[in-house]
Amino acid sequence: MLIQQPNTARSAPGIENSPGAISVTTDKLFRRVFDQTKEAYILFPLLAVLLLLAIWTATLYLIKVEQIRAQQGAATASMEIGATYEAQMLRAIHEIDQTLKLVKYTYETEGERNPLPRLKERALLPPALVFDVSVVNPRGELVASTRGHESEKNADPDEQQALQNNDSLLISRPWKSPETGEWRLRFSRRLNAAGGAFSGIARVEVDAAYFVSSYDASKLGDQGALGLLGTDGIFRVRRTGEAVLAGDAVDYAAVVPDTENTEAVLSVNAWDGVRRYTSARQLYDLPLAVIVGLSEKEQLAAVTRQAHTYLWRAAGGSLVLVLLVGLLARMSWQLAQSRLRAAETQTQLAAVARQAGMAEIATNVLHNVGNVLNSVNISAELVTRKLRNSKALGLGKAVQLMNQHAEDLGDYISHDEKGKLLPGYLNQLVEALAVEQQSMTNELEQLSKSVDHIKEIVSAQQSYAGASSIAEAVQIKELIEDALRMNAGIIAARQITVVRDFAETPLLQLDKHRVLLILVNLIKNASSAMDDRLERSPQITLHSEVQQENTLAIKVIDNGEGIASENLTRIFAHGFTTRKDGHGFGLHSCVLAAMEMGGSLEAHSDGPGKGATFTLKLAI
């Protein structure tokens with residue numbers, strides 16, 4: 001809000017509406033609006049809008065990038081698991097087919113009606129616990145079996161009809177065992193008599209779950225899919241989580257591409273309605289295809305949680321930014337109103353100097369708050385990074401491993417090679433989590449200190465924002481510390497060592513606003529004098545003492561660039577400065593303020609490169 005004065009000037013008749021008058025009025029209005037927009041209490045909200053736009057743009061862009069990366073990772077993982085599963089199935093089915101070929105060879109070349117015992121003696125048969133190898137005659141009667149069902153009849157008309165004129169590997173559709181209720185698959189080959197006539201069938205029966213036993217929940221999740229699909233569109237076996245199913249009918253052409261393109265496709269699977277990254281590969285020279293699916297919801301769960309974290313963090317940062325900018329805009333508006341009132345009432349030069357000193361203090365406060373916010377941002381980023389890379393993720397994997405062996409956990413830990421490593425891993429994980437927790441606790445303590453520092457800077461500005469020039473009881477050491485705190489940013493940036501040499505003094509009656517104005521300017525100038533002093537460590541010494549029982553002397557001593565002798569007599573003149581970015585008003589206002597309090601401000605230097613000493617003397 002601006003205080004506007006009424007325009008009492010009137011245009012002469014006949015000129016009021018002339019083009020020249022309209023142009024002048026428009027120019028004045030434009031300048032007034034431009035001057036208003038240059039005010040800090042308007043610039044701060046505009047800057048806040050730009051920062052909020054940048055924060056949310058960056059946040060949404062980061063979320064989008066991580067979502068795309070997660071989607072690409074899920075598709076790649078589906079393809080990699082599919083390639084591995086394809087190799088496993090090819091190897092397993094070829095081993096089964098090799099067994100059938102051995103039975104066929106022994107039966108046909110050696111004339112053995114029951115070739116299984118001889119093959120078993122040679123250790124050429126697979127484990128009977130998993131694979132049931134059998135031989136049946138043309139009538140479907142069981143001739144021999146590795147499980148001893150000699151009297152069992154297990155004729156399959158479709159199988160016999162398919163193998164009458166076909167010598168290739170036949171893979172049956174799945175069926176449920178009436179005894180166990182489990183899905184089973186049968187692999188068959190034709191047996192020939194000596195003249196080449198159909199003489200029987202060699203079979204290998206397998207529990208269908210064997211072909212999806214490689215389902216890894218840590219990779220596929222609870223909603224993943226692993227299965228064997230026949231070219232007839234019938235699932236020989238399919239597993240999702242712990243559920244093993246078979247016999248589902250789907251459109252084979254819609255699931256398995258007719259090209260060599262094996263890229264994962266994101267789609268809703270027709271067999272259970274789950275949206276997955278699905279990779280399908282047809283097995284070479286076999287009427288089967290392997291299907292691998294990764295649930296989109298599970299694969300993107302982590303990035304979704306991370307996106308929520310980013311959104312909450314951006315919302316929190318935006319709220320802090322709005323509150324801080326609101327506070328700074330209000331302070332700037334109050335400061336602008338003070339400057340406008342000072343111009344309207346035509347106050348004396350000393351009042352103008354005091355207002356300028358207040359502006360200098362406010363500028364230092366804003367700069368200091370900005371520096372502390374950098375520290376807050378760094379601490380928050382470190383905590384976020386530690387949480388993102390937390391070792392706690394390993395605990396979940398260890399617990400998952402223990403859950404997988406819940407029934408035989410003791411035996412697993414005692415005898416299994418991986419299980420033996422589990423207690424040691426948990427001990428290391430506990431130690432790592434303790435170190436991680438302590439690190440984040442320390443970082444949060446530093447973050448809390450930084451926030452308290454911002455409160456102290458704003459509180460100090462508020463306590464000195466008044467314009468009163470009444471003498472008050474002041475503890476000089478505390479006043480010097482306030483001046484140091486308001487210059488904390490430049491002192492930290494230049495890594496300046498501050499040496500305090502304060503004499504014990506009682507409470508003194510001083511105009512603390514003017515004294516603070518002087519000390520802030522002197523400490524800032526001393527800090528700026530360190531820019532070109534690279535050969536030595538920058539240092540400022542603050543010294544206070546009472547001389548002759550009625551004079552307070554405060555010295556600001558630096559080892560910076562020093563002052564040339566010809567400038568010692570001009571340094572307090574209005575507008576004189578040796579710096580490119582200086583205005584020549586600070587020291588002039590300081591010497592005026594010292595004189596108004598009945599004191600003096602003196603400068604001493606042995607020459608360029610030898611530092612300088614400024615001494616403020618006040619009567620007490």
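Two worked exercises on a predicted model follow. Residues are numbered from 1 along each chain as its sequence is written. Local features need pLDDT of at least 70, side-chain atom pairs count only at pLDDT 80 or more, and totals for chains, interfaces and linings use all residues, while side-chain values use heavy atoms, leaving out hydrogens and water.

**Exercise 1.** Find the order of the strands in the five-stranded open sheet, and place helix H16.

Solution.
- Strands are DSSP runs of E, at least two residues; helices are runs of H or I, at least four; both are numbered from the N terminus.
- The order is E14-E16-E17-E19-E18, with mixed pairing. Two strands pair if DSSP finds at least two bridges between them.
- Strands E14 (497–502) and E18 (600–604) are the edges, each pairing on one side only.
- From one strand to the next, the twist averages 15 degrees.
- E18 runs antiparallel to E19 (residues 612–619), joined by five bridges. Ala603 has Phe614 in E19 as its bridge partner.
- Helix H16 (residues 586–596) packs on the sheet and touches E18 and E19. Contact means heavy atoms within 4.5 Å. The direction of H16 makes about 135 degrees with that of E18. Axes are lines fitted to C-alpha atoms, for helices over the stretch in contact; angles run from 0 to 180 degrees between N-to-C directions.

**Exercise 2.** Is Leu50 buried or exposed?

Solution.
- Locate Leu50: helix H2 (residues 40–109) holds this residue.
- Apply the cut-offs: buried is under 20% relative accessible area, exposed over 50%, partly exposed in between (1.4 Å probe, protein chains only).
- Leu50 counts as exposed because its relative accessibility is 55%.
- For the whole chain of 620 residues, 41% count as buried.
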